[in-house]
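Colleague: I would like to go through this model with you, one point after another. Please give the reasoning before each answer.

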Amino acid sequence: MSKIVFSADDMHPAAQAKIHELGYDLTVINCDDEVLLENIIKIKPHVLIVRSTKVLEKHIDAGVKDNLKVIIRAGSGYNTIKFEYAGEKGVAVCNCPGKNAAAVAELAVGLMIAADRQIPAAHFASLEGKFDKKSFSKCGMGICGKTLGVLGKGHIAQRVWAAGKALGMKVVCCSRSLTDELAAELGVVKAENAIELAKVSDVISVHLPLKEGTKHLCGEEFFAAAKEGAIFIDVSRGGVTDLKALEKAIDTKGIRAALDVYEGEPKPTKGAMFPEDLAALCKKCIVATPHVGASTDEAQATTGLFCAEITQEFFEKGTFLCQVNK
Ligand code: MLT
């Protein structure tokens with residue numbers, strides 16, 4: 001019997017080669033919601049792999065009528081998949097924690113420096129043919145010696161701490177699972193909560209999953225506590241930051257925002273536009289990128305190969321690596 005794998009987003013060539021080598025029948029199509037549904041019905045996959053494409057109840061219902069047994073999120077977050085519903089229907093949802101952490105952390109550090117030194121604005125001035133050294137003669141506070149507040153303590157957060165320390169920053173972290181012992185061992189200062197972290201940080205970097213306790217965690221109260229002119233970086237998950245509250249903080253406190261993720265992100269189809277309100281906010285950010293934290297060749301290869309491993313484990317042993325909805 002053929003073992004059918006369907007990837008609804010581009011997949012790294014190394015991962016495609018691995019799946020072919022294992023003898024599975026692989027189809028890769030860049031889908032939106034509707035195209036995904038049509039193809040689930042047509043292809044009847046046992047394994048569905050997604051990166052950006054959302055998996056809703058209708059996709060799960062269509063899949064379980066045939067073969068669908070596992071949905072793999074080619075990333076660490078899985079809020080784009082109705083994972084609890086999938087569990088009710090007997091479909092395992094697996095993710096790839098940590099596999100793209102280096103790439104996401106690298107983007108966070110890049111955004112921090114870009115935001116402080118106004119790199120995008122200076123670049124655009126240069127593109128206009130201006131050698132505008134005077135306008136950018138005091139274009140940053142300087143990172144060394146400042147306080148970096150990191151929300152979260154997972155794979156990405158830990159890489160951002162390490163980079164911050166290498167840049168001479170004092171690192172403060174807030175995470176419910178960070179014990180005093182671990183903080184001491186890792187050489188970071190523990191903040192009691194997000195508000196306390198906001199009060200002391202010159203740069204804030206968000207590395208939290210979106211779940212009940214984190215939705216709009218960076219909201220009115222958080223930004224009210226933040227220092228005037230602090231840099232705010234979010235490369236985590238749309239919805240952790242309340243974008244309206246952030247916009248107000250940019251307007252009233254000069255918060256310098258660098259964003260990669262947005263609540264209600266537009267569909268990841270080629271040429272998709274930001275909705276008007278999001279576009280207006282992006283213009284107020286120092287830098288805004290379209291959720292590309294994990295978009296390096298290295299990260300996509302590592303993540304894709306892990307998807308192949310999850311697939312192999314399922315077909316050979318009937319078990320699930322990194323299942324999130326047991
Ligand atoms: C993640 O959850 O790790 C990222 O959203 C992955 C991605 O953008 O591909």
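Modeller: One definition to begin with: pLDDT is the predictor's confidence in each residue, from 0 to 100. This model is predicted.

Colleague: What is the mean pLDDT of the protein chain?

Modeller: Of the residues in the protein chain, 99% reach 70 or more. For the complex, the predictor gives an ipTM of 0.95 and a pTM of 0.95. The mean pLDDT of the protein chain is 95.

Colleague: In the open sheet of 5 strands, what is the strand order?

Modeller: The pairing in this sheet is parallel. Its edge strands are strand 2 and strand 5 (92-94), each pairing on one side only. Neighbouring strands are turned by 15° against each other on average, direction ignored. The order is 2-1-3-4-5.

Colleague: Which residue in strand 2 stands opposite Ile4?

Modeller: Strand 1 (residues 4-7) pairs with strand 2 (residues 25-28) in the parallel sense, over 4 bridges. The residue opposite Ile4 is Asp25.

Colleague: Is the β-α-β crossover from strand 1 to strand 2 right-handed or left-handed?

Modeller: Between strand 1 and strand 2 the chain passes through helix 1 (residues 13-21). The handedness is judged with the strands pointing away from the viewer, and a clockwise path over the helix counts as right-handed. This crossover is right-handed.

Colleague: Which residue of strand 3 stands opposite Phe6?

Modeller: Strand 1 also runs parallel to strand 3 (residues 47-50), and 3 bridges join them. Opposite Phe6 in strand 3 is Leu48.

Colleague: And in strand 4, what is the bridge partner of Ile49?

Modeller: Strand 3 and strand 4 (residues 70-73) are paired in the parallel sense, with 4 bridges. The partner of Ile49 is Ile72.

Colleague: Which strands stand at the edges of the open sheet formed by 7 strands?

Modeller: The order in this sheet is 8-7-6-9-10-11-12, and the pairing is parallel. An edge strand has a single partner strand, so one side of it is left without a neighbour in the sheet. The edge strands are strand 8 (189-190) and strand 12 (287-288).

Colleague: In strand 9, what is the bridge partner of Leu148?

Modeller: Strand 6 (residues 147-151) and strand 9 (residues 203-206) are a parallel pair with 4 bridges. In strand 9, the partner of Leu148 is Val203.

Colleague: How many residues of the shell around the ligand are polar?

Modeller: The residues around the ligand are Arg51, Gly75, Ser76, Gly77, Asn100, His291, Gly293 and Ala294. By class, 1 is nonpolar and 1 is charged. The number of polar residues is 6.

Colleague: Is Glu38 buried or exposed?

Modeller: Glu38 lies in helix 2 (residues 33-43). A residue counts as exposed if 12 or fewer other C-beta atoms lie within 10 Å of its own. Glu38 has 12 such atoms within 10 Å, so Glu38 is exposed.

Colleague: How far apart in space are Glu38 and Ala103?

Modeller: In sequence, Glu38 and Ala103 are 65 residues apart. From C-alpha to C-alpha, the separation in space is 33 Å.

Colleague: What separates the C-alpha atoms of Asp277 and Lys244?

Modeller: Asp277 is part of helix 12 (residues 276-284). Asp277 counts as exposed because it has 12 C-beta neighbours inside 10 Å. Along the chain, Asp277 and Lys244 are 33 residues apart. Their C-alpha atoms are separated by 9.7 Å.

Key. Residues numbered from 1 in each chain as written. Predicted model: local features only at pLDDT ≥ 70, side-chain atom pairs only at ≥ 80, totals over all residues. Pairing = 2+ DSSP bridges. Helix = DSSP H or I, 4+ residues; strand = E, 2+ residues; numbered from the N terminus. Near = placed C-beta within 6 Å. Nonpolar A, V, L, I, M, F, W, Y, C, P; charged D, E, K, R; others polar. Axes fitted to C-alpha atoms, helices over the stretch in contact; angles between N-to-C directions. Buried ≥ 20, exposed ≤ 12 C-beta atoms within 10 Å, placed from the backbone.
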